[in-house]
Each structure stands twice: as structure tokens, then as C-alpha cells.
Amino acid sequence: MSRSQWLFLGMAVFVVGTGLGLFFAWAWWIGVTLGAFVLAMGMVWSWRHLFALFFLLGFFLVGWWRADHAIRFWNALPESGGKLYEGEVVRAVERTEASREVTLRPLRCEGACPDTLILGTFPLFADLRSGDRILLSCNLNRPRSFSDDFDYPFFLAAKNIGYGCRFPKGWQVERDGPK
């Protein structure tokens with residue numbers, strides 16, 4: 001196999017490890033089982049094949065660890081993130097049937113601001129754009145699943161959104177450009 005084929009195979013194994021890590025929690029017995037498999041294959045194959053197996057196993061385990069680490073981070077977030085007082089719109093504003101959804105980067109909070117982005121839900125008449133700074137007072141809460149078939153918090157976590165701010169009572173938009 002050429003180097004590019006080995007690299008492609010390594011990336012594919014990394015993706016498979018990441019995918020499995022999203023569905024199964026890491027356990028010590030997984031590493032032991034995979035290690036035993038690699039050693040057993042090494043007894044049958046040459047040292048080059050053994051090196052390739054260790055290489056691919058490394059990619060697989062790093063992918064799995066990465067996914068497991070990300071899930072543990074999101075599960076460790078507290079239920080309430082305090083209060084948001086100022087945020088910046090960092091993505092395009094999305095219009096839904098009954099509201100406008102805005103991705104906010106927290107700038108000023110009660111206590112420490114969370115390390116995640118915030119999904120703000122505003123009324124349809126709110127004139128918000130990417131890059132706007134919003135002064136508001138809103139309680140931050142972890143999003144909840146609204147269906148057994150769809151994991152909404154995990155969907156938002158993939159977008160780096162850990163908290164929601166729904167319909168703040170008052171807000172003020174500060175905009176640098178034309179209004």
C-alpha cells in the first residue's frame with residue numbers, strides 16, 4: 001500500500017473510533033481486547049503488519065477518546081448557567097415559525113460566563129443581525145429533549161451550544177454599522 005492509502009485508512013479508522021465513541025462509553029476492557037487482537041495478529045503477520053496494526057489502533061483509540069471526552073464535557077455542564085447580561089450574535093439569525101433563533105457568544109454574565117455558545121430565542125419582530133451586541137437580562141438553562149427520537153441537547157452540542165435563553169423580557173441592540 002502507498003503512503004496516501006495508509007493515511008486514508010488511518011483517517012477512516014479515526015472516524016470509526018469517533019463514531020463508536022459517541023455511542024459507547026469508554027471502558028478499560030475495550031483497550032485490552034483491541035490490544036490482544038493486535039498482538040495475536042502480530043504473531044501471524046510480519047513486523048510491518050504489526051506496525052500498521054498499532055498505527056491504525058492508535059488512530060482508532062484517539063478518535064474514540066476524543067468523542068468520549070467531548071460527551072463528558074457536555075454532560076458535566078451545570079443545569080443553570082446563571083444570567084446573561086450581554087452577548088454578541090456570532091452566526092446568521094435563523095427564522096422559525098414563531099421566533100428568531102440567534103447564536104450568542106456571552107460577553108457579560110452573572111458570575112463567570114459559560115465556555116459555550118448560547119441559543120437565544122427572540123420574538124419575530126426582533127431586528128437582529130450577525131455581529132450585533134445585545135444588552136439583555138436572561139436566565140440561562142440547559143436545553144431539554146422534546147422527543148425520544150431526537151437528542152436536541154446533543155444536536156446543539158455539535159454546534160458548541162450549551163445553554164438557551166428564551167424570550168428575554170427586554171433587550172437593547174448595539175450595532176456599529178448601518179441600522
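In which strand does R133 lie? R133 belongs to strand β5, residues 133-141; strands (E, at least two residues) and helices (H or I, at least four) are DSSP runs numbered from the N terminus.

The model is predicted, so that local features need pLDDT of at least 70 and side-chain atom pairs count only at pLDDT 80 or more, while totals for chains, interfaces and linings use all residues. Residues are numbered from 1 along each chain as its sequence is written, and side-chain values use heavy atoms, with hydrogens and water left out.

**Confidence**

The mean pLDDT (the predictor's confidence in each residue, from 0 to 100) is 79 for the chain, and 72% of the residues score at least 70. Strand β3 (residues 100-109) has the highest confidence, at 94, and helix α2 (residues 28-44) the lowest, at a mean of 62. Where pLDDT is low, predicted coordinates should not be read in detail.

**Surroundings of R133**

Contacts (heavy atoms within 4.5 Å) link R133 to E86, G87, E88, L107, Q172, V173 and E174, leaving aside residues up to four places away in sequence. Of these partners, Q172 is 39 residues from R133 in sequence, with a C-alpha to C-alpha distance of 8.4 Å. The side chains of R133 and E86 form a polar contact of 3.3 Å. Such a contact is a pair of N or O atoms within 3.5 Å; within protein, one must be able to donate a hydrogen and the other to accept it, and residues adjacent in sequence count only if both atoms are side-chain atoms.

R133 counts as partly exposed because its relative accessibility is 35%, where buried means under 20%, exposed over 50% and partly exposed in between (1.4 Å probe, protein chains only).

**Positive phi values**

Most residues other than glycine have a negative phi. Two residues with positive values are listed below.

| Residue | Phi | Loop | Relative accessibility |
|---|---|---|---|
| N160 | near 65° | between α4 (152-157) and β6 (161-166) | 35%, partly exposed |
| F167 | near 45° | between β6 and β7 (171-174) | 38%, partly exposed |

**Lining of the largest pocket**

A pocket is an open set of points on a 1 Å grid over the protein atoms alone, where a 1.4 Å probe fits, with protein on both sides within 12 Å along at least five of seven lines; lining residues have an atom within 4 Å of a point. The largest pocket is lined by 22 residues, and T121, N141, G164, C165 and R166 lie nearest its centre. Two or more lining residues come from each of β4 (117-122), β5, α4 and β6. Strand β6 gives the largest share, five residues.
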